[in-house]
Amino acid sequence: MSDSDPTAIIEEHDQHLDLAEGTDEVEAIVPETNGGATATGVVTANDEAALAAVTAVLAPPVEEPTAIGDLDAASLDGLGAARLPTIPITAVKRKVFGRYRSTGMPFQVELRVDVDGPSPTMRVSADYYAIAGATITYFGSMRVDAPAVAITDTQIVINGLGRFTWAASSPRIRITIPRVPLLSPPAAATMVHLSLTGMPSATYICRFVSPAFRTMIFEEDRQDTVPAVFTSYNTGSLPSGGPARPISVVSAFAEAGIQMLTTGAADVVATGEAGANASWSDAELHAGMVNHFSRWKDIPQWAVWLLHARVHDLGTGLLGIMFDQQGKQRQGCAVFYAGLGGTTADKQRLQLFTCVHELGHCFNLLHSWQKSLAIPPQPNRPLSFSWMNYPWSYPGGGPAAFWSGFPFRFDAQELVHIRHGFQSDVIMGGNPFRVGSALEDLASWSDPVEDRSGLRLELEAPTTFAYGEPVTAQVRLHGVDPRGIMVTRHLRPRNGQVQIAIAGPNGQVRLYEPLLHHCASDEDAIVLDQDKPSHADTAFIHYGKDGFYFDQPGTYRLRARYTAPDGSTIVSPVTTVRVRPPLTAEDETVAELVFGEEQGTLMYLVGSDSDTLRSGNEALTRVWEEHPEHRLADVARVIQGVNAAREFKLVEADNEVRVRKPDPGTAADLLGAVFDVSGTRDVAFEQEGDDAARMAAAATHLRTVVGPELPPAIAGYLRARRREIGAEIATLDAE
Amino acid sequence: MPTVTVDLQDGFDDDVVEVWLGGERRWREDSVTTNLAISLAASVPLEAEAGESELRVAMPSRGVEAAQQLAVEQDVTVAVNLADDGLRLEPLGERPYYL
């Protein structure tokens, strides 16, 4: 398979799946009413055009689910229908539906088949995961909205055109699942991807995992002034639109095909956490979630928290709220018993309704009359009998009409979303409420769903930079495996193992690309263990292949990604830096002198005599000559001072090599105005060994000696370029 | 003294909203946005003199406004929604619930 497309294949496919061949006649079922199977005729596997037409049918309107279960013989007798012949139990086949999972590399698939079970939505969907070393990262999702389902006595075959969250090269899907006797274990599903012309591509063998389409963690806590929380309500207690049955929050979602695993670890939350007014604000609820939700993490995950609380700041009219609309959203909700409390049937019904309604928001469902506000929009359904409606605002006759028609279910389209929505649109902590995108949501920069790499990555930077100051960031890699783990010493983008993504004030996201790449050798590997638990390096990210990355005032968000020797990819949390606008007229004048392509190149290279950078050098000279006290003057001094310290060879047009000798006097004057050059030079001179050893000693000294006496941006630049600077200082003769 | 509660519900998106009661501006907010999780942007309680009074809601940022004559004898809630056809004010028989 291609390493960038789970549907593609790079080696020849062993099995010959030519749709033009084959002799099986199958009964093709075009999806119509749920649970109904209307044969439209017999289509042979040879009839490729007919198959293509079937698979191209638009998704039909999904009908409301019919009653649960099949009619049994006793019911048929009551209707006067002929008794069905007794079917030996061994001949009864297991229904084919639920969640399946593949193994292997470099991609794994979690497949959801929803065509043959109770209340099927006639969809199949899948989430794809990239396996890299010891990390598993979500890659993307797929859904087939109009599959052609062919059922024989021995198998179910599902064909369809998939919709993918990426440009899949093989978007057609063919899933084959053997039908086995009821008492046999469920059979595995084979999913083949095909090109639009029918060429078979990537194949996944997916073992059956669960009859639930998704499984998640559900944790409930209660406030200390809420002694009894909702447990269960029997829908037959009052008029309703569906079969009478006891329903809990967990069983309501089970009917929707979602398995909610309760953690069983119920916290009692003190009223004091709601503040002096003893009522909850959204911020207090979020803090409560962080404090008490045992599974809370700032990452997308299938886990949700529900707090049974007393009252919100908005008063007793607010019965519940999905309060989590910051950071990784939709991970928590709350219900309020000041308005909900009571043991009467209507109160119990309202408690159930509110709990499931708020959890529905956590699944990223909008109210029934506001579906058009979703991104992308959908038609509003104000008359929907759904958990996501308001009974008291029901336009079809108010609360009495709503309750008498409500079957205690999500509507059909909401079921499709919950079961088969693209993962980021549904998972808690995924896309924001209503859907959105951000740096954190770049598919390839997602937090891994599983990380056994033994590493943790941090990205640190000064919180603010003056306009024009070189932006640097420290990349720190932590080893969390007590046995020790080998990593690369070099943690800067120019060495290849680390990438840094930069989201600018305008929202544009760019990957920092260095001007030059430096190769690393095996000798550059180190071990992170108890003696050396972390290693850090400073990266210069101000200027590179795409020019200046921080040339606009405003807030930038940064994220680093490290590729370990075993292929694992580790992503840092997002770090925010702010570039201040020019504050004075002099700031603007100096900015005009430093923001030029040649000046940026000189900053990257820490100086050069190249004739192509002459005007850049002239501009930098003007910075420290005409604005000697400006903070950017020190940057110019470092650039030109280091260059003055080096011997520079220029190849002339006639191929003659002209050598410009070092100018230690100028170097010492310029560099000495910025930091203690002599101290670093002395350390280098005292180092035993060859020039390389002295240069390394100077570089190490620069990393440690530059400190609070220097502005953070200058100190960062010296650390980021310590090897270049140290190399020249180490050989700088004292005057 | 009865309270007129003005519930700004759906349709508000970073809007300037003014609430006038009895010819007097009683409330103004510069950035009113509906919280789609509860379909409520703001709930504005206003003490009112018993008797007839005009409630007017204006959105200067959009150039729309609407008014409703109220007979204030006891606490009353007025739901305000911004739809495609403009602002709608609807006195409610009882306090609404939100979730």
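Strand β7 (residues 76–83) of chain B pairs with β8(B) in the antiparallel sense over 7 bridges, where two strands count as paired if DSSP finds at least two bridges between them. Within this pairing, B:Leu82 has B:Leu87 of β8(B) as its bridge partner. The model is a predicted one, in which local features need pLDDT of at least 70 and side-chain atom pairs count only at pLDDT 80 or more, while totals for chains, interfaces and linings use all residues. Residues are numbered from 1 along each chain as its sequence is written, and chains are lettered from A and ligands numbered from 1 in the order in which they are written.

**Chain B as a whole**

- Chain B has 0 helices and 8 strands, where helices (H or I, at least four residues) and strands (E, at least two) are DSSP runs numbered from the N terminus.
- Of the 99 residues of chain B, 30% count as buried; a residue is buried if 20 or more other C-beta atoms lie within 10 Å of its own, exposed if 12 or fewer, and partly exposed in between, with C-beta atoms placed from the backbone.
- Among the contacts in chain B with a separation of 6 or more, 52% join residues that are 24 or more positions apart, a contact being a pair of residues whose C-beta atoms, placed from the backbone, lie within 7 Å.

**The two sheets of chain B**

- Strands of a sheet pair through backbone hydrogen bonds, either parallel or antiparallel.
- One open sheet of chain B consists of 4 strands in the order β4-β1-β7-β8, with mixed pairing.
- The edge strands of this mixed sheet are β4 (42–47) and β8 (86–92) of chain B, each of which pairs on one side only.
- Neighbouring strands of this sheet are turned by 20° against each other on average, direction ignored, with axes taken as lines fitted to C-alpha atoms, for helices over the stretch in contact, and angles running from 0 to 180 degrees between N-to-C directions.
- In chain B, 4 strands also form an open sheet with antiparallel pairing, in the order β3-β2-β5-β6.
- At the edges of this antiparallel sheet stand β3 (24–32) and β6 (64–72) of chain B, each with a single partner strand, so one side of each has no neighbour in the sheet.
- The twist from one strand to the next averages 15° here.
- Strand β5 (residues 51–59) of chain B is joined to β6(B) by 9 bridges in the antiparallel sense, and B:Ser53 has B:Leu70 of β6(B) as its bridge partner.

**Where chain A touches chain B**

- On chain A, 20 residues are in contact with 10 residues of chain B.
- The elements that give two or more residues to this side of chain A are β19 (320–321) and α6 (345–362) of chain A, and α6(A) provides the largest share, 4 residues.

**Two helices of chain A**

- In helix α4 (residues 282–292) of chain A, the residues A:Leu285, A:Gly288, A:Met289 and A:His292 are buried.
- Seen down the axis of α4(A), these buried residues fall within an arc of 100°, so they line one face of the helix; the arc is that of the directions from the helix axis to the C-beta atoms.
- The face of α4(A) turned away from the buried side carries the exposed residues A:Ala283 and A:Asn291.
- Helix α18 (residues 722–729) of chain A is mostly covered, with 6 of its 8 residues buried, among them A:Ile725 and A:Glu728.

Methods
Contact = placed C-beta atoms within 7 Å.
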